[in-house]
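User: I'd like a close look at one part of this protein: the enclosed empty space inside it and what surrounds that space. Please set it in the context of the rest of the model as you go.

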Amino acid sequence: MQFAGATHRYEGSDAVSVDALDLEIGEGEFLVLVGPSGSGKSTSLRMLAGLERVESGRIRIGDRDVTNVPARDRDVAMVFQNYALYPNMTVAENMSFALKNAKVPKAERDARVLEAARMLELDGLLGRKPARLSGGQRQRVAMGRAIVRRPSVFCMDEPLSNLDAKLRIGTRAQIAELQRRLGVTTVYVTHDQVEAMTMGDRVAVLKDGVLHQVATPRELYDRPVDTFVAGFVGAPGMNLIECAVVGGVARVGTLGIPVPRSIDGAGEVVVGVRPEDWILVGAGAEDALAAVVELVEELGAESFVHVRGPNGRIAVRVDRARHVTAGETVHLRTAPERVSWFSAETGLRLVSEFSV
C-alpha cells in the first residue's frame with residue numbers, strides 16, 4: 001500500500017492539510033499515524049479510505065490505484081472514534097449489517113459473526129443492543145463489524161479515545177494481538193504517542209500535514225530525525241537544551257559534554273538527553289550540572305524529577321531507591337554516547353552515532 005505525493009486541502013482553506021505524503025506500508029503491517037491535533041493524520045486515513053478526495057498525488061492498495069475509486073469499492077473497513085453502531089440493532093445485527101447489504105448468504109453471515117464474536121469475547125452478548133454494552137464492549141463490536149468483512153485494509157481512527165485509561169491499556173494490547181493473528185494490513189490513527197509506540201510495527205510522525213519520520217518505535221526513540229520528533233516521542237519527551245560549543249565541549253550550565261568531531265565548531269547546537277540518561281552524582285562531583293528540583297512525580301516504581309535547567313525545565317527519571325524532594329539541589333551528568341545532537345538553526349539531527 002502506498003501514498004505517493006498524496007495532498008489534501010479542505011475546501012475554502014489556503015493551508016494544505018496533508019502535504020505531498022510519501023509513505024509505503026507493507027502487507028500485513030500495523031502502521032500507526034501519530035501527531036498533535038491538526039497534524040493531518042486523520043485526513044490521511046480518510047484519504048486512504050476514500051472519505052476525502054486526493055487533490056494531487058496517488059494512493060495504491062496492493063496493485064490497484066484507488067485514488068479515484070469510491071470508498072465502497074476499496075475493500076477497506078473503517079473503525080471510527082465513536083463506534084458508529086446502530087442503536088436499534090443487536091450486536092449480531094450490527095456486525096452482520098455490511099454483509100447483509102453485500103447479499104452474503106445468511107448461513108455464511110452467521111458463521112462469520114460467530115467466529116469474530118468468539119475472537120473478541122462477544123459471543124455471550126450477540127443478542128444485546130448497544131445501550132446495554134460498556135464502552136469497551138461497544139469498541140469490540142465496532143472491531144467485529146470490520147473483521148467480518150475480511151477486508152484488505154483496516155483503517156482505525158482513534159478507536160480507544162472514548163475509553164478510560166485502564167481500559168485503553170488492556171484494549172490496545174488486545175487490538176495489536178488480534179491484528180497480528182489476522183494478518184490484515186492496518187493503519188491506525190492516534191494522538192497518544194504511548195499508544196503509538198506500544199502498538200505499531202512502525203510509527204509515522206506527522207506535524208502540520210508533513211511527515212517527519214517513519215520508523216520502528218525503537219528507532220524513533222533512539223534516533224529521532226529532528227527536535228520535533230525527539231520532543232514528541234517519549235513520556236516525558238527528550239530534554240532539548242540549546243547551548244554553545246566551545247573547544248569541543250557543549251556547555252550545559254556547569255556541565256561540559258564532549259561533542260563528536262563532525263560538529264566541533266558548530267557554535268550553537270541543541271543537546272538532546274532522554275530522562276533516563278541523566279545520572280545523579282554526589283554534590284562534590286566535578287563537571288556536573290547543579291539544578292534545583294521544582295517538581296517530583298511519583299509513579300511507584302520510579303519518579304520523574306523536574307529541575308530548573310539553563311533554558312527551562314529538565315526531566316530526570318529516578319529509581320525508587322533514590323528519594324528526591326522539591327527544593328533539593330541535585331547534580332547531573334550524562335554519557336556522551338547517550339546524547340542526541342541537533343542543529344540549533346534547523347532542528348535536524350546532526351550525527352547518528354557518537355564518535356570522538
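Analyst: Happy to help; what follows starts with the whole model, moves to the enclosed space, and then visits some other spots along the chain. Please keep in mind that this is a predicted model.

Here is the overall setting. The protein has 8 helices and 20 strands, and its C-alpha trace spans about 80 × 45 × 35 Å along the principal axes. Of the 356 residues, 49% are buried. Counting contacts with a separation of 6 or more, 65% join residues that sit 24 or more positions apart. On the outside, the protein exposes about 16,600 Å², with carbon and sulfur atoms supplying 48% of that area. The side chains include 43 positive and 46 negative ones, and the centres of these two sets are 9 Å apart.

Now to the part you asked about. Rolling a probe the size of a water molecule over the atoms shows where empty space is left. A search of the whole structure turns up 1 cavity of 30 Å³ or more, and the volume of the largest cavity is about 30 Å³. Its lining is made of Met143, Ile147, Phe154, Met156, Ile175, Leu178, Gln179 and Leu182. Three elements supply at least two lining residues each: α4, β7 (153-157) and α5 (165-182). Helix α5 gives the most, with 4 residues.

Ile175 is a good residue to zoom in on. This isoleucine belongs to helix α5 and is one of the residues lining the largest cavity. Is isoleucine 175 buried or exposed? Its relative accessibility is 4%, and because buried means under 20%, isoleucine 175 counts as buried. Leaving out residues up to four places away in sequence, isoleucine 175 touches Phe30, Gln139, Met143, Met156, Leu160 and Met199. Among those partners, Met143 and Met156 also appear in the cavity lining. As a sense of scale, isoleucine 175 and tryptophan 341 are 166 residues apart in sequence, and their C-alpha atoms are 36 Å apart in space.

The open counterpart is worth a visit too. The largest pocket holds about 490 Å³ of space. It is lined by 16 residues, and those closest to its centre are Val76, Met78, Phe80, Ala98 and Arg149. The elements giving two or more residues to this lining are β6 (76-79), α2 (91-101) and α4 (135-147), with β6 providing the largest share at 3 residues. Helix α4 therefore turns up in both places, since it supplies at least two residues to the lining of the largest cavity and two or more to that of the largest pocket.

From β6 you can follow the chain to a backbone detail. Tyrosine 83 sits in the loop between β6 and α2, and its phi is positive, about 70 degrees, although the residue is not a glycine. Tyrosine 83 is buried, with a relative accessible area of 7%.

Aspartate 208 also has a positive phi, near 55 degrees, in a residue other than glycine. Its place is the loop between β9 (202-207) and β10. At 55% relative accessibility, aspartate 208 counts as exposed. In strand β10 (residues 210-215) you will find valine 210, which is partly exposed at 35% relative accessibility. Setting aside neighbours within four places in sequence, valine 210 is in contact with Asp19, Ser39 and Val205. Valine 210 and leucine 21 are 189 residues apart in sequence, yet their C-alpha atoms are 7.0 Å apart.

Further along, the loop between α8 (227-232) and β11 (239-246) contains proline 236. The peptide bond from alanine 235 to this proline is cis, with omega near -5 degrees.

The last stop is glycine 248, in the loop between β11 and β12 (249-252). Glycine 248 counts as buried, at 15% relative accessibility. Not counting residues up to four places away in sequence, it touches Ile257, Pro258, Val259 and Asp264. The C-alpha atoms of glycine 248 and valine 229 are separated by 26 Å, with their positions 19 residues apart along the chain.

To return to your request, the largest cavity, of about 30 Å³, draws on α4, β7 and α5 for at least two lining residues each, and helix α5 also holds the buried isoleucine 175.

Terms used
Residues numbered from 1 in each chain as written. Heavy atoms only, no water. Buried < 20%, exposed > 50% of the residue type's maximum accessible area, 1.4 Å probe, protein only. Contact = heavy atoms within 4.5 Å. Areas by Shrake-Rupley, 256 points an atom, 1.4 Å probe, with all protein chains shown as cover. Lys, Arg positive; Asp, Glu negative; His and termini not counted. Charge placed at Lys NZ, Arg CZ, Asp CG, Glu CD. 1 Å grid on protein atoms, 1.4 Å probe; cavity = no way out; pocket = protein on both sides within 12 Å on 5 of 7 lines; lining within 4 Å. Points joined across faces, edges and corners; volume = space filled by probe spheres on them.
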